[in-house]
Amino acid sequence: MKHKCKNKYDVIIVGSGPVGSAAAILYAEQGLSVGLIEKSKDINSYKPVCTHFLQGVATPILKKLKVVDEIEKSGAIKNFIQLWTKWGWIKPDPAVSAEHHGYNVRRKTLDPILRKRAAAHENVTLLQGYKMTTLIFSGPKKVIGVEAADLDGGEKHKLFANLIVGADGRNSVVAKKINASYEKRKNNRTFYVSYYKDLKLTSGLISQLWFWGKHVAYAFPCDGDLTLLCIGLHDEQLAEFKKDYKSNFHNFFKELPDGPDMDSAERVANITVGPNMDTQRAVHQVEGVALIGDAMLSIDPYAGTGVAFGLLSADWLVEKTCRSLLENDPIALLNSVRDYEIIHKKKLKEHEFIISSYSSGREFNYIFPPERAVLSSAVYDQKVANKLDLFLNREVNLSDLITFSFLARLVRAQFLRAFKA
């Protein structure tokens with residue numbers, strides 16, 4: 001699908017994945033004209049490797065985007081999760097979890113749904129088969145447009161807008177062109193991912209996640225009657241694992257407590273390797289540009305927060321900048337983009353800290369309130385498990401857990417744990 005290229009928009013978004021398409025829809029719904037640049041010529045293109053686990057915090061945004069019905073009809077699974085730690089299984093109550101569920105849905109399904117929804121909007125021009133080659137500056141620190149090349153004919157177009165949004169992922173070209181710097185935290189795990197058909201989980205269709213020493217593993221049932229299996233392997237065992245990674249991948253899951261029935265299932269995709277994806281947050285001082293999704297914050301994939309945090313970032317950016325764009329007020333726009341960046345960091349900093357701390361390769365055993373107290377208590381106390389599930393769905397921050405009643409539940413659970421021991 002190729003629309004006629006105009007040379008002026010209110011907003012230009014580079015990248016039409018779920019986050020870029022979501023931002024395009026949200027801006028367009030407010031009456032703003034949007035140029036959505038996508039280098040792939042296929043409207044059904046998608047990112048092949050992802051956890052496909054959208055936390056509950058993303059569901060209200062999916063509803064705002066009016067795609068929930070289509071996602072559910074496509075076979076997406078309302079996701080609930082159980083966690084295994086060395087203290088045993090944490091099993092939140094599915095009835096309680098249903099109030100804030102997310103979805104397990106492959107990017108093969110999700111990406112086209114959102115891109116087609118964006119393309120169908122009268123205020124969105126989807127420029128497929130176009131590649132952003134450079135940004136257009138009016139000064140050292142002010143961007144006013146992009147140059148995009150038509151990949152069919154090679155013709156280059158200069159496109160102008162009051163705001164350029166980089167939604168082009170971890171290795172963002174937009175971020176590179178504005179010389180963004182990064183706050184980084186090292187990830188000491190390598191990820192191995194594949195899909196299985198006819199895989200039986202002991203939890204049925206409930207997702208499972210194992211904190212297995214310094215490693216992490218999960219099994220996420222998703223649409224297409226498939227189950228995604230992933231291992232986050234600590235670097236200290238990487239060399240041995242790589243010697244026969246196909247057999248080792250299979251056997252790793254067989255050794256997990258209450259692990260899936262590997263021998264009765266069929267692996268239907270190659271095992272993809274994702275090496276050491278460090279957590280990185282972009283920082284820049286260029287006017288006329290905003291970053292969303294992984295271009296803004298790319299985080300350890302074990303937590304499966306990429307798409308959910310990306311949708312949040314799109315929603316926050318549109319909410320903060322929409323008025324200044326409608327009023328064509330450049331000073332207000334500059335301030336509103338900075339407000340967005342402050343909110344992004346403030347609202348996600350606790351999750352970012354916990355996730356990136358675990359990315360170091362440590363086991364779960366510290367951080368206030370003590371992780372061992374929370375996780376071990378959640379095994380014995382249903383209300384603690386339910387509250388933890390809210391945190392894992394990114395509905396609440398770590399600080400929201402530290403209430404008198406929650407701490408009292410921890411003490412009660414520790415007595416119960418000691419008694420049963």
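**Exercise 1. The largest cavity**

Find the volume of the largest cavity and describe its lining.

*Solution.*
Step 1. The largest cavity holds about 400 Å³ of space. A cavity here is a set of points, on a 1 Å grid over the protein atoms alone, where a 1.4 Å probe fits but cannot get out; lining residues have an atom within 4 Å of a point. Grid points are joined across faces, edges and corners, and the volume is the space filled by probe spheres set on them.

The model is predicted: local features need pLDDT of at least 70 and side-chain atom pairs count only at pLDDT 80 or more, while totals for chains, interfaces and linings use all residues. Residues are numbered from 1 along each chain as its sequence is written, and side-chain values use heavy atoms, without hydrogens or water.

Step 2. The lining has 29 residues, and Leu83, Leu388, Phe391, Leu392 and Arg394 are those nearest the centre of the cavity.

Step 3. Two or more lining residues come from each of E5, strand E14 (207–212), helix H11 (371–380), helix H12 (382–392) and helix H13 (398–401). These elements are DSSP runs numbered from the N terminus, with at least four residues for a helix (H or I) and at least two for a strand (E). The most is given by H12, with 4 residues.

Step 4. By class, 21 lining residues are nonpolar, 5 polar and 3 charged. Nonpolar covers Ala, Val, Leu, Ile, Met, Phe, Trp, Tyr, Cys and Pro, charged covers Asp, Glu, Lys and Arg, and the others, Gly among them, are polar.

**Exercise 2. The second largest cavity**

How many cavities of 30 Å³ or more are counted, and which residues line the second largest cavity?

*Solution.*
Step 1. The count is 2.

Step 2. The second largest cavity contains about 30 Å³ of space. Its lining is made up of Val286, Glu287, Gly288, Val289, Leu333, Leu334, Val337 and Arg338.

Step 3. H10 supplies the largest share of this lining, 4 residues. The classes are 5 nonpolar, 1 polar and 2 charged.

**Exercise 3. The second largest pocket**

Describe the second largest pocket by volume and lining.

*Solution.*
Step 1. The volume is about 240 Å³. A pocket is an open set of grid points with protein on both sides within 12 Å along at least five of seven lines.

Step 2. Of the 17 lining residues, Val57, Leu312, Trp316, Arg394 and Glu395 lie nearest the centre of the pocket. Helix H2 (59–64), helix H9 (306–326) and helix H10 (330–359) each give two or more residues to the lining, and H9 gives the most, with 4.

Step 3. This lining divides into 8 nonpolar, 3 polar and 6 charged residues.

**Exercise 4. Two residues with positive phi**

Are Asp198 and Arg394 buried or exposed?

*Solution.*
Step 1. Asp198 has phi near 60 degrees, a positive value in a residue other than glycine. The loop between strand E13 (189–197) and E14 holds Asp198.

Step 2. Phi of Arg394 is near 60 degrees, also in a residue other than glycine. Arg394 is placed in the loop between H12 and H13.

Step 3. Asp198 is exposed, because its relative accessible area is 51%. Arg394 counts as buried because its value is 10%. The cut-offs are under 20% for buried and over 50% for exposed, with partly exposed in between (1.4 Å probe, protein chains only).

**Exercise 5. Gln82 and Asp235**

Place Gln82 and Asp235 in the fold and list their contacts.

*Solution.*
Step 1. Gln82 belongs to strand E5 (residues 81–85). With 12% relative accessibility, Gln82 is therefore buried.

Step 2. Contacts (heavy atoms within 4.5 Å) of Gln82, apart from neighbours within four places in sequence, are Trp89, Ile90, Lys91, Ser203, Ile206, Ser207, Gln208 and Leu209.

Step 3. Asp235 sits in the loop between strand E16 (226–234) and helix H7 (238–242). Its relative accessible area of 29% makes Asp235 partly exposed.

Step 4. With neighbours within four places again left aside, Asp235 contacts Asn188, Arg189, Thr190 and Asn276.

**Exercise 6. The nonpolar cores**

Which residues touch the most other members of the largest nonpolar core?

*Solution.*
Step 1. They are Ile13 and Tyr27, in a core of 115 residues. A nonpolar core is a set of buried Ala, Val, Leu, Ile, Met, Phe, Trp, Tyr and Cys residues joined through side-chain atoms within 4.5 Å.

Step 2. H9 gives the most to this core, with 11 residues.

Step 3. Another core, of 21 residues, lies apart from this one; among its members are Tyr192, Tyr196, Leu201 and Ile271.
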